[in-house]
Amino acid sequence: QTFEKLLIANRGEIACRVIKTCKKMGIKTVAIHSDVDANAVHVKMADESVCVGPAPTSKSYLNMDAIMEVIRKTRAQAVSLNESICCSCFIYRKQKSQSVTFIGPDTHAIQAMGDKIESKLLAKNAKVNTIPGFDGVVKDADEAVRIAREIGYPVMIKASAGGGGKGMRIAWDDEETREGFRFSSQEAASSFGDDRLLIEKFIDNPRHIEIQILADKHGNALWLNERECSIQRRNQKVVEEAPSTFLDPETRRAMGEQAVALAKAVKYSSAGTVEFLVDSSKNFYFLEMNTRLQVEHPVTECITGLDLVQEMIRVAKGYPLRHKQADIPINGWAVECRVYAEDPYKSFGLPSIGKLSQYQEPLHVPSVRVDSGIQQGSDISIYYDPMISKLITYGSNRAEALKRMEEALDNYVIRGVAHNISLLREVIIHPRFVQGDISTKFLPEVYPDGFKGHKLTDLERRELLATSASLYVAEQLRSQRFLGTPRIPIAKSKRRSWELSVRLGDGIYPVAVSKDGSSFSVEVDGMKLNVTSEWNLASPLLSVTIDGTQRTIQRISRSASGETSIQFLGTVYKLQILTKVAAELSKYMPEKVEEDTSSILRSPMPGTVVAVSVKPGDTVSEGQEICVIEAMKMQNSMIAAKTGKV
């Protein structure tokens, strides 16, 4: 016997994830939503839904009074997923004497662990390894510099109340410490209403490995193995896996036991995560504890077979844990990619907004799980996190899980917004990643000049040219057919060969295509390739076999002037395919002059202007800050590209 009705105080994929388990357990669900989320997937999935305010999170999903009113009206017995609500539930119980259970840990555990300063002291007392540093209120930039010198550079400056990589800066010298102090305290005040800072030793090239724990209200606690979360950009995770290639059973047990000791020290109950930084010698240091269900929990569910949401609901109802530490297995390997609506070519991912004009999850690939909170037609807006979904693949070993991930990414159709599939696919096939040689610096080290997409080998380039040329011919043949019969032939000849000119990047390649039954024989660079496919041109996914190698490609767009873009090996390539004659004539076409944008400052993403540092008539120099834009809860400094007058 558990709860009859549960209110889910969240949105997006995590709300959908909880509703799925509630349905399995026979619990009725109430969804809350902001006015822009009225047609969201989590709202459609729930049994009841109530609007709690306008789009900004503070006025809807964090609007405690409105949410408490919904609990009273809907008579929900439990609330899930929003830590800020836990304290309100506690006060509400006292005032109204109506029983509402918060699915998650008790108030004191959330407060103790939500504060980076207090949590570090608690960890020290519980004999958990911690990073040397200073905890407390830093009065001004001078004091920040003094502390940083005592600890020794490099140091990490971050907001004490923060999370999700917000309000964090790394400083390598005094000047950077001053700037870091200014930005971190501003971000801390605007995001969390709390300007205390934490300055600590920055561990170079660490791995970010976290331990999933599960504890009940009877003093039992388990660790459910680790997750490797080192692939990050701007301190936010991109690819996670379980288990980690780096840990041996001794280190794993030591980390697990320290995580459990910390949970018991704060009388923690529910599912939670203890995050550690692990250096190259397998020394591990406590980073923070997350008192909620983490985004990357599915990889742990895959290798242990536990449903963490179900366990959280059982614990909240007062049941003891059903498992002993010895029952927790590591079965197989799981990998999770976070699919975001963002442009990976701009600093590994600047948010993109828009409507999903076409959307198809790769659920036909075996051992694939997709946790998403959107569907075709959904809007990705500036108000919320730009996550599209979490794509998880499972295998009996790591190689199998990664191979499936490659296939799943190729079979994922997302149109209408920019997305990071090209980056995700490059990461999982990168030799360093495949060997398990990773750290939190992986992306900046592997792509020091930024991400540029997949670099084609000569063979892959030939495959792409042959495929696009065959696609062009298949289309020409289709357009000659009329309701399944050829049009009235003007000339009796049936074409069997085509001479084309294909432009890819800076190169122009002559390609000869001849039709041979259902397949095409294509000559590129003096080499013949055999290309076969069903050529179902209406499908967003095309399965093509080139000389025995199967590839799944997507044609993103095409125009009347022969321009086409094709997603091949995860990256979208722009090509222009013309007949030999048209290519000869195109040399005489006038070129369109690109506009000069060097004297214009364009925001690389949609957002809110929070500060403007210049006024008309000011002279600015290259690199000078002009304004600060806040988007998706992060502040970004916009700088002048060249010296000039505003």
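**Figure 1. Buried residues of helix α11 in the predicted model.** Leu308, Val309, Gln310, Glu311, Met312, Ile313, Arg314, Val315 and Ala316 are the buried residues of α11. They make up nine of the 10 residues of this helix, so α11 is mostly covered, given that a residue counts as buried under 20% relative accessible area. The list includes charged residues, Glu311 and Arg314 among them.

**Figure 2. The two ends of α11.** At the start of the helix, Asp307 points a side-chain oxygen towards the backbone nitrogen of Val309 and comes within 3.1 Å of that atom. Just after the helix, Gly318 has a positive phi of about 105°.

**Figure 3. The salt bridge between Lys24 and Asp307.** Asp307 also pairs with Lys24, and the closest N and O atoms of the two are 2.7 Å apart. Lys24 belongs to helix α1 (residues 12–25), whereas Asp307 sits in the loop between α10 (297–304) and α11 (308–317), so the salt bridge ties together parts that are 283 residues apart in sequence. The partners differ in their surroundings: Lys24 is exposed, at 57% relative accessibility, while Asp307 is buried, with a relative accessible area of 12%.

**Figure 4. A salt bridge within helix α3.** The side chains of Arg72 and Glu69 form a salt bridge with an N to O distance of 2.4 Å. Both residues lie in α3 (residues 64–74), and because they are three residues apart, about one helical turn separates them. Arg72 is partly exposed, with a relative accessible area of 38%. Glu69 is partly exposed as well, with a value of 33%.

**Figure 5. The salt bridge between Asp371 and Arg369.** The closest N and O atoms of this pair are 2.9 Å apart. Asp371 is buried, at 5% relative accessibility. Arg369 is partly exposed, at 22%, because a residue must be under 20% to count as buried.

**Figure 6. A network of salt bridges.** Here the salt bridges link several residues rather than a single pair. The acidic members of the network are Glu210, Glu240, Glu275 and Glu296. The basic members are Arg227, Lys237 and Arg338. In total, the structure holds 47 salt bridges, including the pairs Lys24 with Asp307, Arg72 with Glu69 and Asp371 with Arg369.

Terms used: Residues are numbered from 1 along each chain as its sequence is written. This is a predicted model: local features need pLDDT of at least 70, side-chain atom pairs count only at pLDDT 80 or more; totals for chains, interfaces and linings use all residues. Side-chain values use heavy atoms; hydrogens and water are left out. A salt bridge is a side-chain nitrogen of Lys or Arg within 4 Å of a carboxyl oxygen of Asp or Glu. Helices (H or I, at least four residues) and strands (E, at least two) are DSSP runs, numbered from the N terminus. Buried means under 20% relative accessible area, exposed over 50%, partly exposed in between (1.4 Å probe, protein chains only). A polar contact is a pair of N or O atoms within 3.5 Å; within protein, one must be able to donate a hydrogen and the other to accept it, and residues adjacent in sequence count only if both atoms are side-chain atoms.
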